[in-house]
Amino acid sequence: GEKLTASVILGTFNRADLLRRALQSLVQQSAEAITFEVIVIDDGSNDNTQEILKEYTQKHSNIKICRNEKNQGFSAARKLGLAASVGQYILFVDDDCIACKNWVEKMCSCLAVHPVVSGAISSPKRSGVLLSHNIAHFHPFMPGRKSGPIDFMAGANMGFQRKVLEELQGFDASKPLASDTHICLKARSAGYDPFFTSEAVVVHDPNYISLRGAVRSAYTHAATTILLRHEFSSLLGTPFFLKSPFLLRLFSPLIALGVTSR
């Protein structure tokens, strides 16, 4: 048969219902199952995640399972999945996403040309809070955007040629948050420019998100990315006021207004 081309890496923790939906989208891909594997990292779940994984591995031979006994976070899960993978293209998607039918196919087509790829992230329209959350986090990756070079990537839909991740020595397990931003900045520092493709789409649908949850998520994400902007300040040309906690607090309403307007 055809040689295995891609490895899809999917970390999950105590979200069995969302995991079932994500897996269902991956077993219904237009790409033949023989051309890609799905590696699920159960990151210490204690709900019925194992039952769902058993159900899918019995029916689909291209689904493989790795398990952490204790929850270790995104970076450790992605590192474990990468070590277990064999594909020449490494694709990442989250358990609260639904991959469109041609997602694997479109990501692989793009990775045949570009070493580092960021796919598009769509949002359901049924919830104002969820739509606002998705626009806040994923506005550079909306399907309406034009394909082309991009500065950052979203872990919910990204891909790498295997050789790139090997050169970058994979993910840093000591950085449990924003591992997608960290690996993207490492790639850019090594001379790899991420390419955005609007054709490879996943729908980010965590089912329910409260206003409080959306604000907490934004706070955590911002706190982590500010630290990365310090670490990679020469690459990013981080302005002085982003390096000063006092000035950052002072200017944050203006920064938020500018980003929202754009």
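A residue is called buried here when its relative accessible area is under 20%. The legends below describe close-up views of a predicted model.

**View 1. Strand E4 is mostly covered.** Strand E4 spans residues 89–93, and five of its five residues are buried. Tyr89, Leu91 and Val93 lie on one side of E4, with Ile90 and Phe92 on the other, and both of these faces are covered. Strand E1 (residues 6–12) pairs with E4 in the parallel sense, over four bridges. Within E4, Phe92 has Ile9 standing opposite. Strand E8 (residues 157–161) also pairs with E4, in the antiparallel sense and over five bridges. Ile90 stands opposite Phe160 of E8.

**View 2. The largest nonpolar core has 40 residues.** Val8, Leu23, Leu91 and Trp103 are the residues with the most contacts inside this core. Helix H4 (residues 103–111) supplies the largest share of the core, namely six residues. A second core, separate from this one, has 20 residues, including Met153, Met158, Phe160 and Leu165. In soluble globular proteins, nonpolar side chains tend to be buried together. Leaving aside neighbours within four places in sequence, Leu23 is in contact with Leu10, Val38, Val40, Ile52, Leu53, Tyr56 and Ile63.

**View 3. Helix H5 carries its buried residues on one face.** Helix H5 runs over residues 128–138, where Leu130, His133, Asn134, His137 and Phe138 are buried. Seen down the axis of H5, the buried residues fall within an arc of 95°, so they line one face of the helix. Gly128 and Ala136 are exposed, and they are carried on the face of H5 turned away from its buried side.

**View 4. Asp42 is buried in the model.** Asp42 is found in strand E2, which covers residues 36–43. The relative accessible area of Asp42 is 0%, and this residue therefore counts as buried. Residues up to four places away in sequence are not counted among its contacts, which are Thr12, Thr49, Gln50, Leu53, Cys66, Arg67 and Asn68. From Asp42 to Pro143 the separation is 101 residues in sequence and 29 Å in space, C-alpha to C-alpha.

**View 5. Ser25 belongs to helix H1.** Helix H1 comprises residues 16–26. Ser25 counts as buried because its relative accessibility is 8%. Apart from its neighbours within four places in sequence, Ser25 is in contact with Ile98 and Ala99.

**View 6. Cys100 and Cys108 are shown in a structure with zero disulfides.** A disulfide is a covalent bond between the sulfur atoms of two cysteines. A search of the whole structure finds zero such pairs, the cut-off for a pair of cysteine sulfur atoms being 2.5 Å. Why is Cys100 without a bond to Cys97? The sulfur of Cys97 is the closest cysteine sulfur to that of Cys100, yet the two are 10 Å apart, which is too far for a bond. Cys108 is likewise in no disulfide, and its nearest cysteine sulfur, that of Cys110, is 10 Å away. Is each of these residues buried or partly exposed? Cys100 counts as partly exposed, because its relative accessibility is 28%. Cys108, with a relative accessible area of 13%, is buried.

Note on methods. Residues numbered from 1 in each chain as written. Predicted model: local features only at pLDDT ≥ 70, side-chain atom pairs only at ≥ 80, totals over all residues. Heavy atoms only, no water. Buried < 20%, exposed > 50% of the residue type's maximum accessible area, 1.4 Å probe, protein only. Helix = DSSP H or I, 4+ residues; strand = E, 2+ residues; numbered from the N terminus. Arc of directions from axis to C-beta. Pairing = 2+ DSSP bridges. Contact = heavy atoms within 4.5 Å. Core = buried A, V, L, I, M, F, W, Y, C linked by side-chain atoms within 4.5 Å.
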